[in-house]
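Thanks for taking a look at this one with me. Here are my notes, set out point by point so you can follow along in your viewer.

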Amino acid sequence: MRSWITSTVVTDLLATLYADAAKIDPLARKAAMEANETGEQEADYYKAMRNAYVPVPREFGNLLYGLARSVKAKVVVEFGTSFGISTIFLASAIRDNGAGKLVTTEFVPEKAEQAKKNLAAAGLEDWVEFRIGNALETLKADLSGQVDLVLLDGAKGLYLDVLQLLEPHLRPGAIIASDNTDHKSLEAFLGYLRQPENGYTSSAILTTGSEVSRPHEISIRN
Ligand SMILES: C[S@@+](CC[C@H](N)C(=O)[O-])C[C@H]1O[C@@H](n2cnc3c(N)ncnc32)[C@H](O)[C@@H]1O
């Protein structure tokens, strides 16, 4: 049986979105260079980057798809939708699993609106619930069932807070996939995941391929 992730509707759309990101992101990065990425000012950085995709690399997207398939994920939570590239990988997995929902959250309303259109173009709108606003608010309530997989790809300074907000919902064996883990503000977050008494088995991984190597962390809830 052919999977949705390899259907031409998805592969063509991902090719278009990655090509658009390759044009737009370098310009947005230049504009945001002055903004500070830490503390309270992180929101300003993302406002300056409001037109940028900053997507997961394809290789990590494929890994996310594979992880969600292999744990037969039915409830997935994504922190940081942007224009929906990672959302397409994860929602394809849920569709291919046959049931479930991806709850994704995005701070910038215009990005979330475009992401909705992209997910509709990918034939995946029925598998995704969009929550617009700060993840610390939007993910506070209404998470149905136990969470099987979490993607952390929003403001780096909030990874630990978002993880701890979701912890009561994580089922044993749930996967936490974190992107861009070489970011300077993630030390405490990585330290937390790697302390066995906090309940995770956690490993750093690198993806290589279509772009320079990128570090991620894959953590399993014990
Ligand atoms: C790296 S991008 C996400 C890329 C996306 N996962 C993909 O692969 O296409 C990070 C996104 O997180 C959003 N974001 C940042 N802080 C947030 C917050 N507190 N709540 C929700 N979204 C946030 C930003 O607006 C930005 O669009």
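1. Let's begin with a helix: which residues of α5 are buried? They are Lys-111, Ala-112, Ala-115, Lys-116, Asn-118 and Leu-119. Please keep in mind as you read that this is a predicted model.

2. Where do those residues sit around the helix? Looking down the axis of α5, you will find its buried residues within an arc of 165°, so they line one face of the helix. As a reminder, an α-helix has 3.6 residues a turn, so residues three or four places apart point the same way. Pro-109, Glu-110 and Lys-117 are exposed on the other side of α5.

3. Next, the partners of that buried face. The buried residues of α5 pack against two helices, α1 (8-32) and α4, and against two strands, β2 and β3 (128-132).

4. The geometry of α5 is worth a glance too. The helix covers residues 109-121, 13 residues in total, and spans 19 Å from its first C-alpha to its last, close to the 18 Å expected at 1.5 Å a residue. After α5 comes Gly-123, which has a positive phi, near 70°.

5. On to the ligand, which has 21 residues around it. The closest are Gly-80, Ser-82, Ile-85, Ser-86 and Ala-155. Two elements, α4 (85-97) and β2 (101-106), each give two or more residues to this shell. Sorted by class, the shell holds twelve nonpolar, six polar and three charged residues.

6. Now the strands. β4 (residues 147-152) and β5 run parallel and are joined by five bridges. At one position in this pairing, Leu-152 is opposite Ser-178 of β5. Strand β5 itself covers residues 170-179, and seven of its ten residues are buried, so it is largely enclosed by the rest of the structure.

7. Finally, a residue to click on: Leu-149, which belongs to strand β4. Is Leu-149 buried or exposed? It is buried, because 26 other C-beta atoms lie within 10 Å, where the cut-off for that label is 20 or more. Leaving aside residues up to four places away in sequence, Leu-149 touches Leu-67, Ala-68, Val-71, Ala-73, Val-76, Ala-174, Ile-175 and Ala-177. Of these contacts, Ala-174, Ile-175 and Ala-177 fall within the range of β5, residues 170-179. For another distance to check, Leu-149 and Pro-57 are 92 residues apart in sequence, and their C-alpha atoms are 18 Å apart in space.

Methods. Residues numbered from 1 in each chain as written. Predicted model: local features only at pLDDT ≥ 70, side-chain atom pairs only at ≥ 80, totals over all residues. Near = placed C-beta within 6 Å. Helix = DSSP H or I, 4+ residues; strand = E, 2+ residues; numbered from the N terminus. Nonpolar A, V, L, I, M, F, W, Y, C, P; charged D, E, K, R; others polar. Expected span 1.5 Å × (residues − 1). Buried ≥ 20, exposed ≤ 12 C-beta atoms within 10 Å, placed from the backbone. Arc of directions from axis to C-beta. Contact = placed C-beta atoms within 7 Å. Pairing = 2+ DSSP bridges.
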